Amino acid sequence: MPTRSVRRTHRIARTLRPAAAGAVALLALSACSSSDPETATGTGSGGASPRLSGTVTVFAAASLKESFGTLAERFEKDHPGTEVTFNFGGSDSLAAGITSGAPADVFAAASPKTMKTVTDAGDTAGAPVTFVRNQLEIAALPGNPDGISSLADLAEPGLKVVLCDAAVPCGAAAQKALKAGGVELKPVSYEEDVKAALTKVRLKEADAALVYRTDVQAAGGTVEGVTFPEAAEAVNDYPIALLENAPNPDAARAFIDLVRSPRARRC
(Lines give C-alpha, C1' and ligand atoms only; values in the text may rest on other atoms or scores of the structure.)
Protein backbone atom coordinates (compact mmCIF):
# COMPACT_ATOMS: atom_id res chain seq x y z
CA MET A 1 0.00 0.00 0.00
CA PRO A 2 1.56 3.34 -1.03
CA THR A 3 0.49 5.31 1.97
CA ARG A 4 2.20 4.95 5.30
CA SER A 5 0.69 4.96 8.75
CA VAL A 6 1.02 8.25 10.57
CA ARG A 7 0.58 8.53 14.31
CA ARG A 8 -1.31 11.65 15.27
CA THR A 9 0.60 14.35 17.05
CA HIS A 10 -0.46 16.49 19.99
CA ARG A 11 -0.40 19.66 17.93
CA ILE A 12 -3.89 21.13 17.79
CA ALA A 13 -4.49 22.97 14.52
CA ARG A 14 -6.88 25.80 13.97
CA THR A 15 -10.21 24.76 12.47
CA LEU A 16 -12.47 26.46 10.02
CA ARG A 17 -15.58 28.33 11.04
CA PRO A 18 -18.73 27.68 8.98
CA ALA A 19 -18.76 29.78 5.79
CA ALA A 20 -21.26 30.22 2.97
CA ALA A 21 -20.67 28.08 -0.11
CA GLY A 22 -22.22 30.35 -2.71
CA ALA A 23 -25.58 30.09 -4.36
CA VAL A 24 -26.08 26.44 -3.47
CA ALA A 25 -26.20 27.50 0.21
CA LEU A 26 -23.91 24.73 1.42
CA LEU A 27 -21.57 25.20 4.34
CA ALA A 28 -17.83 24.80 3.94
CA LEU A 29 -17.38 23.37 7.39
CA SER A 30 -14.14 22.31 8.94
CA ALA A 31 -13.67 18.59 9.08
CA CYS A 32 -14.33 18.86 12.80
CA SER A 33 -17.95 19.78 12.17
CA SER A 34 -20.92 17.48 12.15
CA SER A 35 -23.12 17.79 9.07
CA ASP A 36 -26.05 16.34 10.96
CA PRO A 37 -25.66 17.48 14.57
CA GLU A 38 -29.27 17.02 15.60
CA THR A 39 -29.36 13.36 14.63
CA ALA A 40 -25.87 12.39 15.77
CA THR A 41 -26.13 9.97 18.67
CA GLY A 42 -24.02 7.56 20.63
CA THR A 43 -21.00 7.70 22.87
CA GLY A 44 -19.33 10.80 21.45
CA SER A 45 -19.97 12.81 24.60
CA GLY A 46 -17.78 10.45 26.59
CA GLY A 47 -18.53 8.46 29.71
CA ALA A 48 -21.30 6.34 28.15
CA SER A 49 -18.89 3.51 27.35
CA PRO A 50 -16.43 3.44 30.26
CA ARG A 51 -15.12 -0.02 29.40
CA LEU A 52 -13.83 0.91 25.96
CA SER A 53 -10.17 0.01 25.53
CA GLY A 54 -7.57 -0.83 22.96
CA THR A 55 -6.53 0.72 19.67
CA VAL A 56 -8.85 2.24 17.07
CA THR A 57 -7.24 2.29 13.64
CA VAL A 58 -8.67 4.96 11.35
CA PHE A 59 -7.97 5.25 7.64
CA ALA A 60 -8.75 8.88 6.79
CA ALA A 61 -8.38 11.33 3.93
CA ALA A 62 -5.27 13.49 4.21
CA SER A 63 -7.38 16.64 4.54
CA LEU A 64 -8.69 15.36 7.88
CA LYS A 65 -5.30 15.14 9.56
CA GLU A 66 -5.49 18.18 11.84
CA SER A 67 -9.13 17.90 12.84
CA PHE A 68 -9.09 14.14 13.41
CA GLY A 69 -5.90 14.48 15.44
CA THR A 70 -7.73 16.88 17.74
CA LEU A 71 -10.72 14.54 18.00
CA ALA A 72 -8.41 11.63 18.79
CA GLU A 73 -6.98 13.52 21.76
CA ARG A 74 -10.50 14.19 22.99
CA PHE A 75 -11.55 10.57 22.49
CA GLU A 76 -8.57 9.21 24.43
CA LYS A 77 -9.25 11.62 27.25
CA ASP A 78 -12.91 10.56 27.38
CA HIS A 79 -11.98 6.87 27.24
CA PRO A 80 -8.79 6.12 29.20
CA GLY A 81 -7.17 2.96 27.94
CA THR A 82 -7.92 3.69 24.29
CA GLU A 83 -5.56 4.88 21.59
CA VAL A 84 -6.45 6.20 18.13
CA THR A 85 -3.94 5.66 15.35
CA PHE A 86 -4.25 6.90 11.79
CA ASN A 87 -3.31 6.11 8.25
CA PHE A 88 -3.75 9.42 6.39
CA GLY A 89 -3.47 9.60 2.63
CA GLY A 90 -5.27 9.81 -0.67
CA SER A 91 -8.74 8.30 -0.34
CA ASP A 92 -8.28 6.07 -3.39
CA SER A 93 -5.09 4.53 -1.98
CA LEU A 94 -6.72 4.02 1.40
CA ALA A 95 -9.73 2.35 -0.20
CA ALA A 96 -7.45 0.05 -2.16
CA GLY A 97 -5.64 -0.90 1.03
CA ILE A 98 -8.89 -1.72 2.82
CA THR A 99 -10.21 -3.86 -0.02
CA SER A 100 -6.86 -5.66 -0.08
CA GLY A 101 -7.25 -6.64 3.55
CA ALA A 102 -5.39 -3.94 5.49
CA PRO A 103 -6.58 -4.11 9.12
CA ALA A 104 -8.58 -1.03 10.11
CA ASP A 105 -11.65 -0.09 12.14
CA VAL A 106 -12.91 3.08 10.47
CA PHE A 107 -12.73 4.62 7.01
CA ALA A 108 -13.32 8.35 6.48
CA ALA A 109 -13.15 9.26 2.79
CA ALA A 110 -13.10 12.60 1.00
CA SER A 111 -15.79 11.56 -1.47
CA PRO A 112 -18.69 9.13 -1.82
CA LYS A 113 -17.00 7.66 -4.91
CA THR A 114 -14.00 6.37 -2.99
CA MET A 115 -16.22 5.13 -0.17
CA LYS A 116 -18.26 3.21 -2.77
CA THR A 117 -15.14 1.22 -3.66
CA VAL A 118 -15.13 -0.12 -0.11
CA THR A 119 -18.89 -0.65 0.23
CA ASP A 120 -19.06 -2.44 -3.15
CA ALA A 121 -16.40 -4.84 -1.88
CA GLY A 122 -18.55 -5.62 1.16
CA ASP A 123 -16.00 -4.15 3.54
CA THR A 124 -18.26 -1.78 5.49
CA ALA A 125 -20.55 -2.72 8.37
CA GLY A 126 -23.70 -0.81 7.55
CA ALA A 127 -24.23 2.25 5.41
CA PRO A 128 -21.68 5.09 5.47
CA VAL A 129 -22.90 8.48 6.70
CA THR A 130 -21.83 11.93 5.52
CA PHE A 131 -20.37 13.93 8.38
CA VAL A 132 -19.03 17.05 6.66
CA ARG A 133 -18.75 18.92 3.38
CA ASN A 134 -15.60 20.60 2.13
CA GLN A 135 -14.78 22.78 -0.86
CA LEU A 136 -11.78 24.07 -2.70
CA GLU A 137 -9.75 27.20 -2.24
CA ILE A 138 -6.64 28.48 -3.96
CA ALA A 139 -3.55 28.31 -1.76
CA ALA A 140 -1.21 31.10 -2.81
CA LEU A 141 2.14 32.24 -1.43
CA PRO A 142 1.99 34.43 1.68
CA GLY A 143 0.98 37.95 0.75
CA ASN A 144 -0.28 36.67 -2.63
CA PRO A 145 2.62 38.24 -4.58
CA ASP A 146 1.21 37.05 -7.90
CA GLY A 147 -2.06 38.87 -7.33
CA ILE A 148 -4.23 35.79 -7.79
CA SER A 149 -7.88 36.77 -7.42
CA SER A 150 -9.75 34.22 -9.51
CA LEU A 151 -9.58 30.68 -10.85
CA ALA A 152 -8.78 32.05 -14.31
CA ASP A 153 -5.64 33.70 -12.92
CA LEU A 154 -4.11 30.26 -12.45
CA ALA A 155 -3.75 29.98 -16.22
CA GLU A 156 -1.44 33.03 -16.41
CA PRO A 157 1.82 32.24 -18.26
CA GLY A 158 4.74 31.51 -15.96
CA LEU A 159 2.60 30.74 -12.91
CA LYS A 160 3.56 27.43 -11.32
CA VAL A 161 0.39 25.63 -10.23
CA VAL A 162 0.04 22.16 -8.70
CA LEU A 163 -3.09 20.02 -8.55
CA CYS A 164 -4.00 16.79 -6.85
CA ASP A 165 -4.06 13.77 -9.10
CA ALA A 166 -7.47 13.35 -10.71
CA ALA A 167 -7.78 9.89 -9.12
CA VAL A 168 -8.11 11.39 -5.62
CA PRO A 169 -11.11 13.47 -4.49
CA CYS A 170 -9.30 16.83 -4.33
CA GLY A 171 -8.10 16.29 -7.89
CA ALA A 172 -11.52 15.29 -9.14
CA ALA A 173 -13.01 18.36 -7.46
CA ALA A 174 -10.35 20.57 -9.06
CA GLN A 175 -11.21 19.23 -12.51
CA LYS A 176 -14.91 19.95 -11.89
CA ALA A 177 -14.17 23.50 -10.79
CA LEU A 178 -11.86 24.16 -13.74
CA LYS A 179 -14.47 22.82 -16.15
CA ALA A 180 -17.17 24.96 -14.52
CA GLY A 181 -14.99 28.04 -14.98
CA GLY A 182 -13.89 27.16 -18.49
CA VAL A 183 -10.28 27.30 -17.33
CA GLU A 184 -7.54 25.25 -18.95
CA LEU A 185 -4.15 25.07 -17.31
CA LYS A 186 -1.05 22.93 -17.33
CA PRO A 187 0.08 22.23 -13.78
CA VAL A 188 3.73 21.70 -13.05
CA SER A 189 2.83 18.53 -11.15
CA TYR A 190 -0.01 16.32 -9.99
CA GLU A 191 0.30 15.31 -6.34
CA GLU A 192 -0.86 12.13 -4.59
CA ASP A 193 -3.04 13.94 -2.04
CA VAL A 194 -4.07 17.39 -0.86
CA LYS A 195 -1.32 17.67 1.75
CA ALA A 196 1.36 17.02 -0.86
CA ALA A 197 -0.12 19.72 -3.12
CA LEU A 198 -0.21 22.21 -0.25
CA THR A 199 3.37 21.39 0.73
CA LYS A 200 4.59 22.44 -2.72
CA VAL A 201 3.31 25.95 -2.04
CA ARG A 202 4.50 26.04 1.57
CA LEU A 203 8.01 25.15 0.37
CA LYS A 204 7.73 27.77 -2.41
CA GLU A 205 8.19 25.08 -5.04
CA ALA A 206 4.93 26.25 -6.60
CA ASP A 207 3.07 29.55 -6.75
CA ALA A 208 -0.39 28.14 -6.11
CA ALA A 209 -2.38 24.96 -5.57
CA LEU A 210 -6.02 23.97 -5.53
CA VAL A 211 -6.64 22.45 -2.12
CA TYR A 212 -9.45 22.27 0.43
CA ARG A 213 -10.42 25.35 2.40
CA THR A 214 -9.77 23.45 5.64
CA ASP A 215 -6.17 22.83 4.58
CA VAL A 216 -5.60 26.52 3.89
CA GLN A 217 -6.93 27.32 7.35
CA ALA A 218 -4.79 24.66 9.01
CA ALA A 219 -1.69 25.98 7.23
CA GLY A 220 -2.02 29.31 9.01
CA GLY A 221 0.20 32.07 7.65
CA THR A 222 2.34 29.76 5.51
CA VAL A 223 -0.09 30.21 2.61
CA GLU A 224 -2.79 32.70 1.68
CA GLY A 225 -6.25 31.52 0.69
CA VAL A 226 -8.15 32.85 -2.31
CA THR A 227 -11.81 31.93 -2.67
CA PHE A 228 -13.50 31.56 -6.05
CA PRO A 229 -17.17 31.01 -6.97
CA GLU A 230 -16.58 27.91 -9.09
CA ALA A 231 -15.70 26.01 -5.90
CA ALA A 232 -19.42 25.72 -5.21
CA GLU A 233 -19.65 23.41 -8.23
CA ALA A 234 -17.24 20.91 -6.68
CA VAL A 235 -18.25 20.50 -3.05
CA ASN A 236 -17.11 17.18 -1.59
CA ASP A 237 -19.19 15.15 0.84
CA TYR A 238 -17.10 13.23 3.37
CA PRO A 239 -18.56 9.84 4.39
CA ILE A 240 -17.43 7.75 7.36
CA ALA A 241 -18.07 4.08 8.02
CA LEU A 242 -17.33 1.25 10.42
CA LEU A 243 -15.45 -1.48 8.61
CA GLU A 244 -16.79 -5.01 8.40
CA ASN A 245 -13.78 -6.73 9.97
CA ALA A 246 -12.95 -3.99 12.46
CA PRO A 247 -10.64 -5.39 15.17
CA ASN A 248 -12.17 -3.04 17.77
CA PRO A 249 -15.77 -2.36 16.66
CA ASP A 250 -17.13 -0.97 19.94
CA ALA A 251 -14.46 1.69 20.25
CA ALA A 252 -14.69 2.36 16.51
CA ARG A 253 -18.43 3.08 16.79
CA ALA A 254 -17.73 5.45 19.66
CA PHE A 255 -15.15 7.32 17.61
CA ILE A 256 -17.57 7.64 14.69
CA ASP A 257 -20.21 8.94 17.10
CA LEU A 258 -17.78 11.59 18.28
CA VAL A 259 -17.00 12.64 14.71
CA ARG A 260 -20.73 13.07 14.05
CA SER A 261 -21.58 14.72 17.37
CA PRO A 262 -22.23 18.40 18.17
CA ARG A 263 -19.07 18.28 20.30
CA ALA A 264 -17.05 17.94 17.11
CA ARG A 265 -18.06 21.49 16.18
CA ARG A 266 -15.98 22.75 19.08
CA CYS A 267 -12.82 20.78 18.34
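Two strands count as paired if DSSP finds at least two bridges between them. Helices (H or I, at least four residues) and strands (E, at least two) are themselves DSSP runs, numbered from the N terminus. The model here is a predicted one: local features need pLDDT of at least 70, side-chain atom pairs count only at pLDDT 80 or more, and totals for chains, interfaces and linings use all residues. Residues are numbered from 1 along each chain as its sequence is written, and side-chain values use heavy atoms, with hydrogens and water left out.

**Exercise 1. Work out the order of the five-stranded open sheet, find its edges, and say what lies across it.**

Step 1: get the order. The strands of this open sheet run S2-S1-S3-S10-S4, with mixed pairing.

Step 2: pick out the edges. Strand S2 (82-89) and S4 each pair on one side only, so they are the edge strands by the pairing rule of at least two bridges.

Step 3: check the turn between neighbours. On average, neighbouring strands of this sheet are turned by 20° against each other, direction ignored. Axes are lines fitted to C-alpha atoms (for helices, over the stretch in contact), and angles run from 0 to 180 degrees between N-to-C directions.

Step 4: zoom in on one edge. S4 and S10 run antiparallel and are joined by five bridges. Take Val 129: its bridge partner in S10 is Ile 240.

Step 5: add the helices. H1 lies across strand S1 (54-61), S2, strand S3 (106-108), S4 and S10, at about 170° to S2. Helix H3 (residues 112-120) lies across S3 and S10 and runs at about 25° to S10. Contact here means heavy atoms within 4.5 Å.

**Exercise 2. Track down the aromatic pairs and describe two of them.**

Step 1: set the rule. Rings of Phe, Tyr and Trp (its six-membered ring) pair if their centres lie within 6.5 Å; planes under 30 degrees apart are stacked, over 60 edge-to-face, and the rest tilted.

Step 2: count. The structure holds eight aromatic pairs.

Step 3: take Phe 75 with Phe 255. Their rings sit 5.7 Å centre to centre with 80° between the planes, an edge-to-face pair. Phe 75 belongs to helix H1 (residues 65-78) and Phe 255 to helix H7, so to speak a link between distant parts of the chain, 180 residues apart.

Step 4: ask how covered they are. Buried means under 20% relative accessible area, exposed over 50%, and partly exposed in between (1.4 Å probe, protein chains only). Phe 75 is buried because its relative accessible area is 1%, and Phe 255 is buried because its value is 0%.

Step 5: take Phe 131 with Tyr 238. Their ring centres are 6.2 Å apart and their planes stand at 85°, so this pair is edge-to-face. Again distant parts of the chain are linked: Phe 131 is in strand S4 (residues 129-134) and Tyr 238 in strand S10 (residues 236-242), 107 residues apart. Both Phe 131 and Tyr 238 are buried.

Step 6: join things up. Ring pairs link a cluster of Phe 68, Phe 75, Phe 86, Phe 88, Phe 131, Tyr 212, Tyr 238 and Phe 255.

**Exercise 3. Find the partners of strand S6 and say how its faces are covered.**

Step 1: start with the faces. In a regular strand the side chains alternate between the two faces of the sheet. In strand S6 (residues 161-164), Val 161 and Leu 163 lie on one side, Val 162 and Cys 164 on the other, and all are buried.

Step 2: find the partners. S6 runs parallel to S8, with two bridges between them, and Val 162 stands opposite Ala 209 in S8. S6 also pairs in the parallel sense with strand S7 (residues 189-191), over three bridges; there, Cys 164 stands opposite Glu 191.

**Exercise 4. Describe helix H5 from its cap to the loop after it.**

Step 1: look at the N-terminal end. Asp 193 caps H5, with a side-chain oxygen 3.0 Å from the backbone nitrogen of Lys 195. A polar contact is a pair of N or O atoms within 3.5 Å; within protein, one must be able to donate a hydrogen and the other to accept it, and residues adjacent in sequence count only if both atoms are side-chain atoms.

Step 2: list what is covered. In helix H5 (residues 194-202), the buried residues are Val 194, Lys 195, Ala 196, Ala 197, Leu 198 and Val 201.

Step 3: leave the helix. Leu 203 is in the loop between H5 and strand S8 (208-212), and it counts as exposed because its relative accessible area is 54%. Lys 204, which follows H5, has a positive phi, near 60°.
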